[in-house]
Amino acid sequence: MLLLVLAGCPTVQPARVTQFQQAADSAHTQAQATFNAINALITEDEINLVITKDKLQESDVQVILSQSDIAKWDKAFSAVDNYCKSLQALLDANLSSDVQTSIVGAADQLKNLDKNAVPDPVISTAFTEVAGLFTQAKAQSDAMKIAKQADPNMQVIFQAMASAIGSDASGATVWHTASEHWVDRMGKVEDAFHRNYDEFQKVHATTPPSSDEQAAFAAKQRLVVQNYIQLRDLRDAQLQALSSLQQSLLGLAEAHSALARGSASDLSTVLSSLQADLDNAKSLYDKFKALSTGKAATNG
Amino acid sequence: MAESNSSLTDLYNTLVEEHDQINTLRANEDDDDMRDAMMNEMMEITHRIDLVQSQLFTEDSDAIDNAVAKVDTAKGALDAALGSITTLKSFVNACTAFLKIVDSAIDLAKKLP
């Protein structure tokens, strides 16, 4: 009867808790990479601005995503990780089998003491099975109850993280701030292209350029355009990685909600989608790093 | 963003709007010196956007930090539940040992004439 009851109830699946924990760990790693990349982007632009001035102050090169704030994100991910470990410990299948193992061990000891006993452990066998099921049911019941109680705060954490990151040019988010920096960087290249053209036109206002001069000018402008395209690709990679990270954080919120409901099919679907988002975010950051390295090599 | 200061958000949006407007003008400007001046202004505005973003990020991080304490409470509840299961295990061991003795006694009773 107990088996039938357990089969019908929603349960917190240990394997899904492991998947959720791993997904949270991946998102943490991606968040750390994100913050480092954004701070580096902003610092480089701060330097480009301050070198045009007559004096230097600390506010000119302020760290925008501060280490003390980043530490709060680290602490949050750490708390989620510890919560998952405790949930796993409670749901550990070995716990109920440990009970059964110690029961069998006790039975063996007694068997050795009483040489006249005929092995017919009807009552203790039945008790062993029920005890195992009972501890499993209790662990499930406690886990489900606590996961449901924790869920509202899990939602707050992951929704707040997702909101801070953002995914498009709407709202005051890290995504939007990064986007404005790329507008400046690409704008400077547009200006360089325009200035080159104007200067070439001025020089050759009365005398047409030779074919060599024309070719040299075209080569110069080609380099500017190639630089522009590199910046565009860097921008797209970084902004897509940010969007993907935001989706991953929203996915974590949804995954915990499904875990707390004990819905195996919902959680499985969400976790698969979440893993795909995290893999996508990682590949975009790898692409961003590769492009950045290539650009640095070209610029010498 | 989680419960961000609406004044800061308004300031951020104003700065972005200004930045984007100047950018549009710059892109259509033919005079190179004017373009450079506009770009310099854009960079100054972007720096202010960064400073406001920093404040907003601090607010978002505080909201996250406030929720963490309650997750730690959930972990504590899980550890307590695990402790009660362990106690249950000891109880079950003791019961089983007793029942094994009962089984042995029943076996012996079966053999009694």
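1. How many cavities of 30 Å³ or more does the structure hold? The count is three. Note that this is a predicted model. The largest cavity encloses about 90 Å³ of space.

2. Both chains contribute to the lining of that largest cavity. From chain A come A:Asp45, A:Glu46, A:Leu49, A:His181, A:Asp184, A:Arg185 and A:Lys188. From chain B come B:Met43, B:Thr46, B:His47 and B:Asp50. Three helices each supply at least two lining residues: H2 (14-50) and H6 (174-203) of chain A, and H2 of chain B. By character, the lining has six charged residues, three polar and two nonpolar.

3. B:Thr46 deserves a closer look. This lining residue sits in helix H2 (residues 32-111) of chain B. Its relative accessible area is 2%, under the 20% cut-off, so B:Thr46 counts as buried. The side chain of B:Thr46 makes a polar contact of 3.0 Å with the side chain of B:His19. Beyond its neighbours within four places in sequence, B:Thr46 is in contact with B:His19 and, across in chain A, with A:Glu180, A:His181 and A:Asp184. Of these, A:His181 and A:Asp184 also line the largest cavity.

4. Next, the aromatic rings. The whole structure has five aromatic pairs over all chains. One of them joins A:Phe35 and A:Trp73, edge-to-face, at 4.9 Å centre to centre and 85 degrees between the planes. This pair links distant parts of the chain: A:Phe35 is in helix H2 of chain A, A:Trp73 in helix H3 (residues 67-91), 38 residues apart. Both rings belong to buried residues, with relative accessibility of 2% for A:Phe35 and 1% for A:Trp73.

5. A:Phe35 also pairs with B:Phe57. The ring centres are 5.3 Å apart and the planes stand at 75 degrees, over the 60-degree cut-off, so this pair is edge-to-face. The contact crosses between chains, from helix H2 of chain A to helix H2 of chain B. B:Phe57 is buried, at 0% relative accessible area. Ring pairs thus link A:Phe35, A:Trp73 and B:Phe57 into a cluster.

6. Finally, A:Arg235, in helix H7 (residues 211-261) of chain A. Is this residue buried or exposed? Neither label fits: at 24% relative accessible area, A:Arg235 is partly exposed. Its side chain makes a polar contact of 3.0 Å with the side chain of A:Asp236. Leaving out residues up to four places away in sequence, A:Arg235 touches A:Trp182 and A:Met186. A:Trp182 is 53 residues away along the chain, yet the C-alpha atoms of A:Arg235 and A:Trp182 are separated by 6.2 Å.

Note on methods:
Residues are numbered from 1 along each chain as its sequence is written. Chains are lettered from A and ligands numbered from 1 in the order in which they are written. This is a predicted model: local features need pLDDT of at least 70, side-chain atom pairs count only at pLDDT 80 or more; totals for chains, interfaces and linings use all residues. Side-chain values use heavy atoms; hydrogens and water are left out. Helices (H or I, at least four residues) and strands (E, at least two) are DSSP runs, numbered from the N terminus. Buried means under 20% relative accessible area, exposed over 50%, partly exposed in between (1.4 Å probe, protein chains only). A polar contact is a pair of N or O atoms within 3.5 Å; within protein, one must be able to donate a hydrogen and the other to accept it, and residues adjacent in sequence count only if both atoms are side-chain atoms. Contact means heavy atoms within 4.5 Å. On a 1 Å grid over the protein atoms alone, a cavity is a set of points where a 1.4 Å probe fits but cannot get out, and a pocket is an open set with protein on both sides within 12 Å along at least five of seven lines; lining residues have an atom within 4 Å of a point. Grid points are joined across faces, edges and corners, and a volume is the space filled by probe spheres set on the points. Ala, Val, Leu, Ile, Met, Phe, Trp, Tyr, Cys and Pro count as nonpolar, Asp, Glu, Lys and Arg as charged, and the others, Gly among them, as polar. Rings of Phe, Tyr and Trp (its six-membered ring) pair if their centres lie within 6.5 Å; planes under 30 degrees apart count as stacked, over 60 as edge-to-face and the rest as tilted.
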